[in-house]
Amino acid sequence: MQRYTLNILLVLACLGLVLLTWQNMLDSYVLTVLMLMGINIIFASSLNLVNGYMGEFSCGHGGFMCVGAYVGSVLSVICFSSNKILGAALLPPALAPWCFPLILLASGFAAALFGLLVALPSLRTRGDYLAIITIAANYIIISLIENVDVIGGPRGLSGMKRTINAMQDVLDIPWMLIWVIVGTIFSLVLLRRLVTSTRGKGIPAVCQNEVAAEIMGVNTDRVKITAFMFSSALAGVAGALSAHVFGYVNAQAFNILKSTEGLVMVYLGGMASLSGSVLAAVVFTLLVEALRFAIPAMDGLLHAVHLLPADFALSQIWKWVLIPLLLILLMQFRPEGIMGNRELSDVFPRLRRWYTFN
């Protein structure tokens, strides 16, 4: 029973959070930030599988999140809203709670297929060349989506809130918070089980020495394809959750800047560390939200003393000054990140007797 202590506490904490939200004891802003933390955890952890555990250099992970966001949004709108594609809703609203997990799975599957297309060139490229390929894939995905008018084109797509409303009509509970919590825990467990499995051991082997791994019998091509598809699928799930949390999706929200956010979280937390990805995603989300309030205050002060023109807003640019600066400082002074390649159980060995994660 002792081995499950932290697991039970985690479940109780999640249930308590759901209960507080259900009783309207958390305002919508705090709830949104908490859900954004979960989405960032999935996004950062999935990217860590490729950049951290496998040692590749993928810079276009936002593109796979974009695929999942649009596939999930289109399926949601088709199934439970009046739309330009099929006209009337395809399914009755009462099925929304049972179909939503299938929508998330379909989003992950679609993103995995795009991940396969990127994985194939990665079989013969590494380092800077792979980075260029993934960046190009990110822009290709965005450009394709923006040129499909039936799904909104450059205007974006909305209507996903009707699916959430349909779920709440069936049972009035905070559905999106529940799905984000379930998706976050499920993603972390899947990633942990993958990298600790017999087949998954080939992923860090490719990172250490690809030639030696191949000599020892590791099918490096299969390992790369598995890692890319698995990573892309989880990014797609994160994108679908994000689209439904905000009720709107636009392809430009997943451009190279979004991919940069993923890189910052991975390198901030530590390569090949799931604990580091979780910690970095939480810290990064809180930092961005703190800047949301601090930067407008700085704008007002500088405008008051006439150091800025009245129509100039630092809030529009400072975020993308400070986030790349954080990445530069990390590479200079703490290239291994907060956790390095260690997990919390490596830093605090006594924790191992209180939980099980496999």
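**View 1. Leu-241 in helix H10 is buried.** The relative accessible area of Leu-241 is 0%, where buried means under 20%, exposed means over 50% and partly exposed lies in between, for a 1.4 Å probe and protein chains only. The model is predicted, so local features need pLDDT of at least 70 and side-chain atom pairs count only at pLDDT 80 or more, while totals for chains, interfaces and linings use all residues. Residues are numbered from 1 along each chain as its sequence is written, and side-chain values use heavy atoms, with hydrogens and water left out. Leu-241 lies in helix H10; helices (H or I, at least four residues) and strands (E, at least two) are DSSP runs numbered from the N terminus. With neighbours within four places in sequence set aside, Leu-241 is in contact with Ile-39, Ile-42, Phe-100, Leu-104, Met-176, Trp-179 and Val-180, contact being heavy atoms within 4.5 Å. Leu-36 is 205 residues from Leu-241 in sequence, with 9.3 Å between their C-alpha atoms.

**View 2. Helices H7 and H10 pack against each other along axes that come within 11 Å.** The axes of H7 and H10 (residues 220-246) cross at roughly 170 degrees; axes are lines fitted to C-alpha atoms, for helices over the stretch in contact, and angles run from 0 to 180 degrees between N-to-C directions. H7 is therefore roughly antiparallel to H10, given that angles under 35 degrees count as roughly parallel, over 145 as roughly antiparallel, 65 to 115 as roughly perpendicular and the rest as oblique. From H7, the contact uses Met-176, Trp-179, Val-180, Ser-187, Leu-190, Leu-191 and Leu-194. From H10, it uses Phe-230, Leu-234, Leu-241, His-244 and Val-245. By class, this contact has ten nonpolar, two polar and no charged residues; Ala, Val, Leu, Ile, Met, Phe, Trp, Tyr, Cys and Pro count as nonpolar, Asp, Glu, Lys and Arg as charged, and the others, Gly among them, as polar.

**View 3. Helices H1 and H7 cross at roughly 160 degrees.** The axes of H1 (residues 5-22) and H7 (residues 175-196) come within 10 Å, and the angle makes H1 roughly antiparallel to H7. The crossing is right-handed: the near helix is turned clockwise from the far one by less than a right angle, and anticlockwise would be left-handed. On the H1 side are Leu-10, Cys-14, Leu-17, Val-18 and Thr-21, which meet Leu-177, Ile-178, Ile-181 and Ile-185 of H7. The contact of H1 with H7 divides into eight nonpolar residues, one polar and no charged.

**View 4. Helices H2 and H11 cross at roughly 75 degrees.** The axes of H2 (residues 28-53) and H11 (residues 256-269) come within 9 Å, and the two helices are therefore roughly perpendicular to each other. H2 contributes Asn-40, Phe-43, Ala-44, Leu-47, Asn-48 and Asn-51 to the contact. H11 contributes Lys-258, Gly-262, Leu-263, Met-265, Val-266 and Tyr-267. The residues of the contact of H2 with H11 are seven nonpolar, four polar and one charged.

**View 5. Thr-134 in helix H5 is buried.** Thr-134 lies in H5 (residues 127-146) and has a relative accessible area of 2%. Beyond its neighbours within four places in sequence, Thr-134 is in contact with Phe-57, Ser-58, Cys-59, Gly-60 and Val-118. Val-118 and Thr-134 are 16 residues apart along the chain, and their C-alpha atoms are separated by 6.8 Å.

**View 6. Phe-114 in helix H4 is partly exposed.** The relative accessible area of Phe-114, which lies in H4 (residues 96-122), is 31%. Apart from neighbours within four places in sequence, Phe-114 is in contact with Phe-64, Val-67 and Ile-141. The C-alpha atom of Phe-114 is separated by 7.6 Å from that of Ser-232, 118 residues away along the chain.

**View 7. Asn-24 and Ala-272 are loop residues.** Asn-24, between H1 and H2, has a positive phi of about 60 degrees although it is not a glycine. Ala-272, between H11 and helix H12 (274-304), has a phi near 60 degrees, again positive in a residue other than glycine. Asn-24 is exposed, with a relative accessible area of 68%, whereas Ala-272 is buried, at 17%.
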